[in-house]
Amino acid sequence: MPTYLDGTLEALNPAFETITGYALSEWLGRPFELLLPSEDVPLLQQFFNFALRGETLPAIRIRIRAKSGQIIHGESIVTPHIVAGNIVGVLGIARDLTERLQAEEALGQANERLRMLVAELKDHNREITLLAEFGELLQGCTTIEEAYRVIGHISPQLFPHTSGVMFTLKPSRNDLNAVVKWGEVAVEFAQRTFEPSKCWALRRGRLNQVGSLCEG
C-alpha cells in the first residue's frame, strides 16, 4: 500500500478489500492513519518518518480497524518508495496475524486449564495420602489424648490456610469442650465450652456454616 508524503493511500491490492471489508475505492486518497486505533498512530508515523529518510526497518505489529469494527492484528514492513532516485512516499507490506494470535491465545488458555487440572490432581493426591496417614495414625493411638494430638497434627495439612477447633461432648452430655485447635483461632473461642443446644449442627443433625466466630 503506497502512502505518499501527505499520508494518503495511493494504491491498494485486492487483499486489502478481503481483509478489511472496505472497497478499494473507499480508501484511495484518504489518510492511512484513519484505519488505525488512535493510540497506534504515533508509532506508525514514527516508522513512516524513518522510511521517508530512506531507512528500512524490521517488521512491526499494527492494528487495523475493519469496516465491521473488528480490530485486525497484523504485521507490516515499511520501506521508502523511490521513484527516479527520489523518495516520493512509503511502501507498506502487511499480513494478517489475527487467526494466529487467536490460536496462540486459545493455546495459552488451554495450557492454563491444564496447569490448573494438574494442580488440582496434585492436591487431590496429597489429600488422599494425608487421609491414609491420618487413618493409620489414629488406629495406632492407645489413648484419646494421642488421638487429639494426631488430629491437631494432620488437620492443618488437610485444611491449609484455615483455622479450626474440634469440640467433644463431655460424658455428662451437658457441655461441648474444645479439645483440638489449629491455625490462628481466637483464644477465647478455642477455650469455649457451650451447651449442645447452642450448636446448630447438632440440633439439625448436619453441617452448619457460620459467617463469623461470633455466631452461635
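**Exercise 1. A charge over a ring**

Over the ring of which residue does the charged end of R203 sit? Work in this predicted model.

Solution.
- Start at R203. Its charged end sits over the ring of W200.
- Read the distance. The charged end of R203 is 4.0 Å from the centre of that ring.
- Turn to another case. R30 lies over the face of W27, 4.1 Å from the ring centre.

**Exercise 2. An aromatic pair**

Classify the ring pair F159 and W182, then place both residues in the chain.

Solution.
- Searching the whole structure gives 4 aromatic pairs.
- For F159 and W182, the ring centres are 6.3 Å apart and the planes stand at 20°. Planes under 30 degrees apart count as stacked, so this pair is stacked.
- F159 is in the loop between α5 (144-158) and β5 (164-169), while W182 is in strand β6 (residues 176-182). The pair therefore ties together parts 23 residues apart in sequence.
- Check accessibility. F159 is partly exposed at 44%. W182 is buried at 13%.

**Exercise 3. The sheet around β6**

Give the strand order of the open sheet of 3 strands, and find its edges.

Solution.
- The order is β5-β6-β7, with antiparallel pairing.
- β5 and β7 (193-194) are the edge strands, since each pairs on one side only.
- β6 and β7 are joined by 2 bridges. In one of them, N177 has T193 in β7 as its partner.
- Now add the helix. α5 packs on the sheet and touches β5 and β6. The directions of α5 and β6 make an angle of about 45°.

**Exercise 4. Salt bridges**

Locate the partners of the salt bridges E39–R63, R95–E75 and R115–E112.

Solution.
- The total count is 6 salt bridges.
- E39 and R63 meet at 3.0 Å, N to O. E39 is in the loop between α2 (24-27) and α3 (41-52), and R63 is in strand β2 (residues 60-65), 24 residues apart. E39 is exposed at 55%; R63 is partly exposed at 25%.
- R95 and E75 have their closest N and O atoms 2.8 Å apart. R95 lies in strand β4 (residues 86-96) and E75 in strand β3 (residues 71-83), so the bridge ties together parts 20 residues apart in sequence.
- R115 and E112 meet at 2.7 Å, N to O. Both lie in helix α4 (residues 98-140), 3 residues apart, about one turn of the helix. R115 is partly exposed at 48%, and E112 is partly exposed at 35%.
- Finish with the network. Salt bridges with shared partners join E39, D40 and R63.

How values were computed:
Residues are numbered from 1 along each chain as its sequence is written. This is a predicted model: local features need pLDDT of at least 70, side-chain atom pairs count only at pLDDT 80 or more; totals for chains, interfaces and linings use all residues. Side-chain values use heavy atoms; hydrogens and water are left out. Rings of Phe, Tyr and Trp (its six-membered ring) pair if their centres lie within 6.5 Å; planes under 30 degrees apart count as stacked, over 60 as edge-to-face and the rest as tilted. Helices (H or I, at least four residues) and strands (E, at least two) are DSSP runs, numbered from the N terminus. Buried means under 20% relative accessible area, exposed over 50%, partly exposed in between (1.4 Å probe, protein chains only). A charge sits over a ring if NZ of Lys or CZ of Arg is within 6 Å of the ring centre and within 35 degrees of the ring normal. Two strands pair if DSSP finds at least two bridges between them. Contact means heavy atoms within 4.5 Å. Axes are lines fitted to C-alpha atoms, for helices over the stretch in contact, and angles run from 0 to 180 degrees between N-to-C directions. A salt bridge is a side-chain nitrogen of Lys or Arg within 4 Å of a carboxyl oxygen of Asp or Glu.
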